[in-house]
Amino acid sequence: MKKPAVISASLLLVLAAEASAAELHPLFHDHAVLQCETRVPVWGAARDGEKITVSFAGQTVTAVGENGAWNAWLQPMKADATSRTLTVRGDNTLEISDILVGEVWIASGQSNMERQLGLRAGQKPITNWEQEVAAANYPQIRQFYVTQTKSLTPQTTVKGSWTVCSPLTAGDFSAVGYFFARDLFVSKKVPVGIIHSSWGGTPAEAWTSEAALQKLPDFAAPLADVKQLVSDPDLARRRGQAKQTEWFEKVDPGSKPGAAWSAAAVDEGDWKSMTLPTYLESAGYPDFDGVFWLRRTIELPENWDGGDAELHLGAVDDMDTTWVNGAQVGMTNDWDKPRVYQVKGSLLKHGENSIAIRVLDASGGGGAYGGNDAMRLVFKAGGKTESLPLSGEWRCKPGCTIKESGWPPSDFSDNPSTPTVLYNGMIAPLLPYAMRGVIWYQGEANAGREKQYRTLFPAMIADWRRAWGRGDFPFLFVQIAPYSGMTPEIREAQLLSWQATKNTAMAVTLDCGDANDIHPANKPPVGARLALAARALAYHEKIEYSGPVYDSMKSEGAGVVLHFNHLGGGLVAKDGELKGFTIAGADKVIHPAKAEIRGDTIIVSAAKVSSPVAVRYAWANAPEGNLFNRAELPASPFRSDTD
């Protein structure tokens with residue numbers, strides 16, 4: 001293993017350039033879990049020359065403040081559930097209590113990692129969530145929640161705190177993180193700490209450092225835009241928004257100058273009805289990604305006092321631009337942020353007023369789905385605050401699909417999808433906290449750029465490993481579950497990344513998906529499979545942690561013989577005959593195929609294909625497949641004709 005990363009004093013300078021007394025980094029907080037069996041860095045801020053003494057579990061180590069910072073290293077410790085106090089003495093004395101020593105894992109990614117065990121507005125309940133929360137009496141499991149933070153430059157500190165798992169708190173834990181930690185705790189019987197750092201709807205490049213992205217040609221232009229944001233934010237913001245406006249006007253009929261659907265009055269004769277709040281894909285547009293319009297006419301009463309109003313639209317997935325009576329009142333690019341826009345009284349009138357929302361849905365459910373804030377217009381009337389409900393019937397019309405228009409240009413101003421900003425704001429500040437490895441659930445936001453993801457994702461993994469300086473620590477990730485709006489190529493990119501990157505594992509979720517929901521509710525098996533992978537890769541248990549993985553193909557008469565790795569005791573067709581296989585000849589026409597297990601191989605054939613050259617399995621957006629191994633783990637979708 002490589003020597004752990006040395007903490008940069010120049011970076012830590014940001015912690016407290018004017019520190020007058022010793023301070024601890026926020027990760028060192030009551031109820032923290034420290035990593036066992038490795039040197040443990042402890043750090044914070046201090047005045048220059050201040051002598052620091054750190055005492056914990058019989059160890060005493062020292063440091064001296066330099067450039068506003070200090071850092072010290074505890075020697076490796078065995079896992080221990082004994083609650084202890086960590087003491088820091090300098091010009092002042094700091095104590096943090098109930099500190100355990102055990103296994104620490106980073107849990108990161110986008111919304112399927114972010115999703116908490118408890119209820120979340122606009123999403124289905126996690127399977128058996130009430131029973132799971134009620135039984136979550138695991139005081140040796142703790143979670144540090146990293147407050148969502150964007151930054152154009154690397155940061156050194158975070159907001160957050162450690163929470164002890166109990167029936168009162170487990171509902172706020174990452175669901176996947178909780179199930180992983182619970183299974184790991186049951187197996188290892190040592191404390192488990194999860195550092196939860198995730199942000200829904202964000203791509204891998206947002207979680208990757210500038211140094212790593214500089215090596216990928218695709219990101220030269222985006223990085224130039226980011227640098228401009230740093231040097232001249234106002235100019236960069238104007239240019240980014242101008243690019244998007246130009247794109248909308250070019251591809252979307254509703255954004256055409258002179259005929260915009262945002263106008264105060266629009267002929268809605270060919271518009272349909274939609275009841276809001278809801279996801280587009282739950283309201284008759286199951287595979288829609290693109291520009292979509294929503295309109296509603298409201299009526300302000302005669303006793304409205306003429307003052308300003310506040311428009312609440314709830315959350316909109318992914319981006320909205322909103323107009324009232326033809327005047328733009330707001331724009332937000334954040335799929336789960338409640339929209340609250342101020343509307344000048346001069347834009348409103350007694351009687352009828354129009355609201356128009358242009359939604360840009362890049363992937364997933366899309367639309368004005370509500371979230372935690374009710375749709376309403378708040379205004380003063382007769383000296384009282386009134387609230388006009390906006391849920392209910394709206395008019396709607398598709399503008400264009402991304403398949404037709406191509407991907408929109410990015411406006412990186414205040415956008416969590418901007419390259420580097422989540423690495424800077426939510427990963428860099430964690431360095432070099434001692435940990436065992438990473439669990440990761442992401443990829444949905446990179447759909448449509450699958451070939452790029454084949455290199456981007458491994459580059460991101462390498463980037464984190466370099467930054468932590470802890471060698472090739474285990475990096476365990478979840479393959480995207482079946483969903484009508486998610487192509488098989490993104491799962492393939494994840495499969496190829498796994499096969500190309502050492503000490504990684506991929507938890508297949510072919511049996512845990514929901515064709516109509518990008519946020520499948522069945523999270524317990526996801527955490528369980530990640531825990532299996534951790535036990536195998538991080539703790540070197542001799543157990544199977546993966547379902548069957550396609551290895552090779554050999555022609556045999558009019559059929560083909562498929563060979564697999566990760567047999568897990570043998571191949572199994574779960575619940576009947578094998579399904580999900582297709583086959584093609586030299587003409588590349590895909591046909592349904594008959595598949596049969598023969599020992600440790602599978603024989604695939606089709607009457608219409610006499611000389612097969614390619615086989616695919618579960619190759620669809622929301623596929624059905626039932627190939628497992630005897631370890632009860634599903635096979636990954638694959639194609640033998642990978643391009």
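Me: Where does glutamate 37 sit, and is it buried or exposed?
Reply: In this predicted model, glutamate 37 falls in the loop that runs between β2 (33–35) and β3 (40–45). Its phi is near 60°, a positive value in a residue other than glycine. The cut-off for exposed is over 50%, and glutamate 37 has a relative accessible area of 56%, so it counts as exposed.

Me: Which loop holds aspartate 575, and what is its phi?
Reply: Look between β28 (571–573) and β29 (581–584): aspartate 575 is in that loop. With a relative accessible area of 74%, aspartate 575 is exposed. Most residues other than glycine have a negative phi. Aspartate 575 isn't a glycine, yet its phi is positive, about 60°.

Me: What kind of peptide bond joins leucine 276 and proline 277, and what is omega there?
Reply: Proline 277 lies in the loop between β12 (272–276) and β13 (290–300). Most peptide bonds are trans. The one joining leucine 276 and proline 277 is cis, with omega about 0°.

Me: And what is omega between leucine 431 and proline 432?
Reply: Here proline 432 is in the loop between α9 (421–427) and β23 (437–441). The bond from leucine 431 to proline 432 is cis, and its omega is about -5°.

Me: Is serine 55 buried or exposed, and which side chain does its own side chain make a polar contact with?
Reply: Serine 55 belongs to strand β4 (residues 51–56). Buried means under 20%, and serine 55 has a relative accessible area of 18%, so it's buried. Beyond its neighbours within four places in sequence, serine 55 is in contact with Thr60, Thr85, Leu86, Thr87 and Arg89. Its side-chain polar contact, at 3.5 Å, is with the side chain of threonine 60.

Me: Which backbone oxygen lies 2.7 Å from a polar atom of the threonine 501 side chain?
Reply: Threonine 501 is in the loop between α11 (488–500) and β25 (504–507), and at 11% relative accessibility it counts as buried. Leaving out neighbours within four places in sequence, threonine 501 is in contact with Pro458, Ile461 and Arg465. The backbone oxygen 2.7 Å from its side-chain polar atom is that of serine 497.

Me: Which helix gives the most to the largest nonpolar core?
Reply: That core has 137 residues, and Trp70, Trp464 and Phe581 touch the most other members. The helix giving the most, with nine residues, is α10 (residues 450–468).

Me: How many residues are in the second, separate core?
Reply: Met274, Leu294, Val343 and Ile357 are among its members. The count for this second core is 30 residues.

Conventions. Residues numbered from 1 in each chain as written. Predicted model: local features only at pLDDT ≥ 70, side-chain atom pairs only at ≥ 80, totals over all residues. Heavy atoms only, no water. Helix = DSSP H or I, 4+ residues; strand = E, 2+ residues; numbered from the N terminus. Buried < 20%, exposed > 50% of the residue type's maximum accessible area, 1.4 Å probe, protein only. Polar contact = N/O pair within 3.5 Å; in protein donor to acceptor, adjacent residues only side chain to side chain. Contact = heavy atoms within 4.5 Å. Core = buried A, V, L, I, M, F, W, Y, C linked by side-chain atoms within 4.5 Å.
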